[in-house]
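I opened a new model today and kept notes as I went. Entries follow in the order I looked things up.

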Amino acid sequence: MSILPLMLDGVSLRRDGRVLIDDVSLTIAAGPKTVILGPNGAGKSLLLRLCHGLIGPSAGRVRWSGPEAGSARRRQAMVFQKPVMLRRSVRANIAYGLRLHGHAAAVRAARIDRVLARTGLAALAERPAAVLSGGEQQRLALARAWALEPDVLFLDEPTANLDPGATGAVEAIVAEMHGGGAKIVMTTHDLAQARRLADEVVFLQRGRVAEHAPAADFFAAPASEAAAAFLAGRLFW
Amino acid sequence: MTDIPAAFLTALRLIVTLDPQLAGIVGRSLYVSLSAVVIAGAIGLPLGAAIAVYRFPGRRAAIVLLNGLMALPAVFIGLTVYLLVSRAGPLGFLGILFTPAAMILAQCLLITPIIAALSHQVLRALYESYREQLCSLGARPRQIVWTLLWDARFGLTTVVMAGFGRAVAEVGAAIIVGGNIDRVTRVMTTTIALETSKGNLSLALALGVVLVLVAVGVNALAALLSGATAPRG
Ligand SMILES: Nc1ncnc2c1ncn2[C@@H]1O[C@H](COP(=O)(O)OP(=O)(O)OP(=O)(O)O)[C@@H](O)[C@H]1O
Ligand SMILES: [Mg+2]
């Protein structure tokens with residue numbers, strides 16, 4: 001039972017007279033890890049926000065149409081491109097979301113300890129989150145989302161600030177969550193990472209979906225001109 | 001003219017010996033203004049947070065109004081409360097005119113807008129940075145309000161102190177609704193006004209010094225609290 005698939009139907013987003021997301025129709029189904037690729041400013045972060053329900057479209061519809069769509073809010077989580085740290089300790093940052101989701105203290109403590117250990121933050125548990133380094137904050141953001149055990153996890157460039165070791169660890173966690181049944185929807189700039197993680201690719205350019213294809217097909221022979229240029233490092237913005 | 005240096009010495013003696021009359025007035029002042037700030041904080045802080053979080057028609061007007069109310073003169077509030085609680089007024093049945101309760105009410109009205117407006121300013125920025133994350137975690141507006149109040153608590157102590165400072169230093173409302181009755185509603189500022197006009201400078205000066213000490217002390221305490229316990233960074 002799932003809240004998926006997520007259907008976007010003619011979704012557009014306009015701000016200040018600019019069209020930022022342009023008539024996107026997309027079905028995000030349960031199963032494959034979906035990677036959203038595209039150059040800077042293509043609209044990847046906005047698309048994730050639209051999917052996650054943080055902003056409403058100017059036109060079109062975003063709809064969870066799985067059998068358990070009614071509980072969609074509680075069953076998805078997002079890791080933002082710029083991590084937002086609550087002015088609390090590392091532990092309290094994770095506990096906050098768990099408390100909102102109504103988990104009992106014992107469950108909270110167990111999950112917090114587990115995700116802290118797995119993201120390498122156990123030694124920092126009592127520190128104020130604000131003093132963590134950029135990479136540590138990004139790992140905390142992942143730990144916070146992970147602790148909620150969402151059915152669908154949106155990740156916006158989750159390894160942008162991480163060193164190679166931490167990047168590997170995050171990719172392993174993402175793979176583990178996926179193995180546990182969670183749907184992964186993530187954006188990345190990193191082509192190598194996209195090749196490692198993606199099962200399917202949504203290629204975005206100037207707010208439009210230029211291509212939506214299985215990863216193997218996409219990387220072997222991109223159907224769109226823009227994607228081919230991007231893969232060859234020739235597409236900028 | 002009284003001899004000012006002599007008056008100053010007497011003032012110091014009153015303070016150092018904890019003169020009972022002086023102590024009584026200081027205690028009453030603190031009682032009235034602390035009560036006012038507790039009530040005003042209980043109303044003004046959630047109000048400021050709610051205005052930062054909720055979107056409702058007339059929100060901008062409410063913000064402008066609050067900012068305007070910050071500048072209301074104490075004598076005007078005093079007059080208003082006087083009319084409310086005087087025997088013929090709508091709250092006349094309470095019988096609180098010329099009691100500390102009336103002074104607390106007046107100071108409350110004076111500083112609630114200050115606390116609400118300043119806390120709104122503090123919390124608006126925090127809300128901007130938290131909004132998407134909290135929505136993502138499924139927080140409802142009411143929960144967001146409490147989260148903001150808690151996470152900004154160090155910044156908000158300064159806001160509350162500002163309210164207390166205004167309350168303890170105002171004279172217009174206290175004199176109008178309190179009546180400056182000896183041992184009942186006489187507080188620091190009203191005593192200073194009265195004793196100065198009578199030419200009794202030493203008690204006025206002593207109270208002036210205490211008032212300054214209280215103001216500085218409270219702000220030092222606030223700075224210490226937020227400096228010592230606020231998360232760094
Ligand atoms: N609130 C907003 N108002 C106006 N324009 C916006 C707003 N948010 C984003 N934009 C614009 O929309 C476009 C897409 O932004 P978005 O953040 O989705 O890009 P992105 O694909 O995530 O880029 P990056 O790879 O740099 O993260 C950008 O040109 C950006 O300037
Ligand atoms: Mg982005």
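**Entry 1: chain B.** I started with Leu47(B) and found it in helix H2 of chain B, residues 20-53. I keep in mind that this is a predicted model. Is Leu47(B) buried or exposed? Neither label fits: Leu47(B) is partly exposed, with a relative accessible area of 37%. I then asked which residues make a nonpolar surface patch with Leu47(B). They are Val38(B), Ile39(B) and Ile43(B), and the patch comes to about 330 Å². Patch members need over 30% relative accessible area, and Leu47(B) has 37%, so it passes that cut-off.

**Entry 2: the magnesium ion.** Next I looked up ligand 2, a magnesium ion. Which protein atoms are its donors? I list OG of Ser45(A) and OE1 of Gln81(A), at 2.0 to 2.2 Å from the ion. The two donors come from distant parts of the chain, 36 residues apart. Ser45(A) sits in helix H1 of chain A, residues 44-52. Gln81(A) sits in the loop between strand E5 (76-79) and helix H2 (90-100) of chain A. I checked accessibility for both. Ser45(A) is at 17% relative accessible area, and buried means under 20%, so Ser45(A) counts as buried. Gln81(A) is partly exposed at 34%. Water is not among the atoms, so the site may look incomplete.

**Entry 3: the hairpin in chain A.** I moved on to strands E1 (residues 6-15) and E2 (residues 18-28) of chain A. They run antiparallel and are joined by 7 bridges. One pairing I noted: Leu13(A) has Ile21(A) in E2(A) as its bridge partner. How many residues lie between the two strands of the hairpin? I count 2, and Asp16(A) in the turn has a positive phi of about 50 degrees.

**Entry 4: the other side of E1(A).** E1(A) is also joined to strand E4 of chain A, residues 59-64, by 5 bridges. This pair runs antiparallel. Across it, I find Asp9(A) opposite Arg61(A). Met7(A) stands opposite Arg63(A).

**Entry 5: the sheet.** What is the strand order? I read an open sheet of 3 strands, E2-E1-E4 of chain A, with antiparallel pairing. E2 and E4 of chain A are the edges. Each has a single partner strand, so one side of each lacks a neighbour in the sheet. Neighbouring strands are turned by 20 degrees against each other on average, direction ignored. I close the notebook here.

Terms used. Residues numbered from 1 in each chain as written. Chains lettered and ligands numbered in written order. Predicted model: local features only at pLDDT ≥ 70, side-chain atom pairs only at ≥ 80, totals over all residues. Heavy atoms only, no water. Donors = N, O, S within 2.8 Å, 3.2 Å for Na, K, Ca; no water. Helix = DSSP H or I, 4+ residues; strand = E, 2+ residues; numbered from the N terminus. Buried < 20%, exposed > 50% of the residue type's maximum accessible area, 1.4 Å probe, protein only. Patch = residues over 30% accessible without salt bridge, like charges linked within 9 Å, V, L, I, M, F, W, Y side chains within 5 Å. Areas by Shrake-Rupley, 256 points an atom, 1.4 Å probe, with all protein chains shown as cover. Salt bridge = Lys/Arg side-chain N within 4 Å of Asp/Glu carboxyl O. Pairing = 2+ DSSP bridges. Axes fitted to C-alpha atoms, helices over the stretch in contact; angles between N-to-C directions.
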